[in-house]
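Please look through the sequence and the model shown below before reading on. The report that follows takes up one topic after another, each under a short heading.

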Amino acid sequence: EGLMFANTEYYYWLDTAPYKPKERVIEKLIETKKVSRVFGKNTFLIDGKWTHFDYNKYTKKLTTIIIPNFPENPILVKKFDGHRRNCYLIKDENSVFGYSEDEKKITKIPELNAKSTRFFETDWAYGEHFLYDDDTFYRIDMNFESPRNITKQFVLLELKHKFTNAKIIRV
């Protein structure tokens with residue numbers, strides 16, 4: 001366990017649970033001027049590339065992994081801290097994505113218009129939730145993986161209005 005923090009010069013790592021309490025160590029990770037933005041806990045924009053940081057306190061080694069296809073200007077829609085922590089539903093001007101920070105994986109959710117996309121959270125965080133825009137409707141879990149497009153089920157019922165005009169009622 002640890003804590004990452006920054007001042008005007010560096011980002012640092014503080015070991016909050018050292019093997020021996022007297023060995024609590026602070027390590028320099030990266031110069032602050034190299035980081036343009038931060039998303040989540042460990043994802044940093046460095047030289048125009050979104051990069052995930054993993055710091056191993058035992059080897060004192062910082063590993064960086066570039067996250068391909070991460071949106072340049074992510075907008076947070078929803079974050080879950082469930083059994084697989086740090087899962088984000090994000091969007092940019094054009095697309096919607098699920099991002100698992102722990103897995104360092106981003107997945108584009110197809111067929112959604114980012115401007116009109118909405119998220120409806122059900123009462124139970126571990127259950128399925130709803131993600132939709134005007135003409136596409138998904139059931140999605142808290143990890144934002146494997147969304148299930150159920151639009152055709154509504155089409156079979158001859159639904160005529162946009163999903164964004166529908167009123168969702170908890171029962």
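## The largest cavity

In this predicted model, the largest cavity is lined by Gly98, Tyr99, Ser100, Lys105, Thr107, Asn143, Phe144 and Glu145. The space inside the largest cavity comes to about 50 Å³, and the structure as a whole holds 1 cavity of 30 Å³ or more. Rolling a probe the size of a water molecule over the atoms is what shows where such empty space is left.

Which strand gives the largest share of the lining of the largest cavity? That share, 3 residues, comes from β10, while β10 (96–100) and β11 are each a source of at least two lining residues.

## The sheet from β8 to β11

The strands β10 and β11 also belong to an open sheet of 4 strands, in which the order is β8-β9-β10-β11 and the pairing is antiparallel. At the edges of this sheet stand β8 (75–80) and β11, each of which pairs on one side only. On average, and with direction ignored, neighbouring strands of this sheet are turned by 20° against each other.

Within the sheet, β8 pairs with strand β9 (residues 87–91) in the antiparallel sense, and 5 bridges connect them. Along this pairing, Leu76 is found opposite Ile90 in β9.

## The nonpolar cores

In soluble globular proteins, nonpolar side chains tend to be buried together. Here the largest nonpolar core has 13 residues, and those with the most contacts inside it are Leu89, Val96, Ile109, Phe119, Leu131 and Phe144. Both β9 and β14 (137–140) supply at least two residues each to this core.

Which residues does Val96 touch, if those up to four places away in sequence are not counted? They are Leu89, Ile90, Lys91, Thr107, Lys108, Ile109, Leu112, Ala114, Thr117 and Leu131. Apart from the largest core there is a second, separate core of 10 residues, which includes Ile67, Phe70, Phe97 and Tyr99. Tyr99 has been named above as part of the lining of the largest cavity, and Phe144, one of the residues with the most contacts inside the largest core, is also in that lining.

## The sheet from β12 to β15

Another open sheet of 4 strands has the order β12-β13-β14-β15, again with antiparallel pairing. Its edges are formed by β12 and β15 (148–149), and because each of these has a single partner strand, one side of each is left without a neighbour in the sheet.

Inside this sheet, β12 and strand β13 (residues 129–132) run antiparallel and are joined by 3 bridges, with Phe130 in β13 as the bridge partner of Phe120. The next pairing, between β13 and β14, is likewise antiparallel and has 4 bridges, and a hairpin of 4 residues leads from β13 to β14. Across this second pairing, Phe130 stands opposite Arg139 in β14, whereas Tyr132 has Phe137 in β14 as its bridge partner. Phe130 is thus named in two pairings, with Phe120 on the one hand and with Arg139 on the other.

## The hairpin of β1 and β2

Strand β1 (residues 2–6) and strand β2 (residues 10–15) are paired in the antiparallel sense over 5 bridges. The two strands form a hairpin, and 3 residues lie between them. Among the bridge partners, Met4 is matched with Trp13 in β2.

## Two residues with positive phi

Most residues other than glycine have a negative phi. Glu111, however, has a phi near 70°, which is a positive value in a residue other than glycine. Glu111 is placed in the loop between β11 (105–109) and β12 (118–120), and thus in the stretch between two strands already named as edges, β11 in the one sheet and β12 in the other. Is Glu111 buried or exposed? Glu111 counts as exposed because its relative accessibility is 58%, where the cut-off for exposed is over 50%.

Glu158 likewise has a positive phi in a residue other than glycine, with a value near 60°. Where is Glu158 found? Its place is in the segment after α1 (151–156). With a relative accessible area of 57%, Glu158 is exposed.

Key: Residues numbered from 1 in each chain as written. Predicted model: local features only at pLDDT ≥ 70, side-chain atom pairs only at ≥ 80, totals over all residues. Heavy atoms only, no water. Buried < 20%, exposed > 50% of the residue type's maximum accessible area, 1.4 Å probe, protein only. Pairing = 2+ DSSP bridges. Axes fitted to C-alpha atoms, helices over the stretch in contact; angles between N-to-C directions. Core = buried A, V, L, I, M, F, W, Y, C linked by side-chain atoms within 4.5 Å. Contact = heavy atoms within 4.5 Å. 1 Å grid on protein atoms, 1.4 Å probe; cavity = no way out; pocket = protein on both sides within 12 Å on 5 of 7 lines; lining within 4 Å. Points joined across faces, edges and corners; volume = space filled by probe spheres on them.
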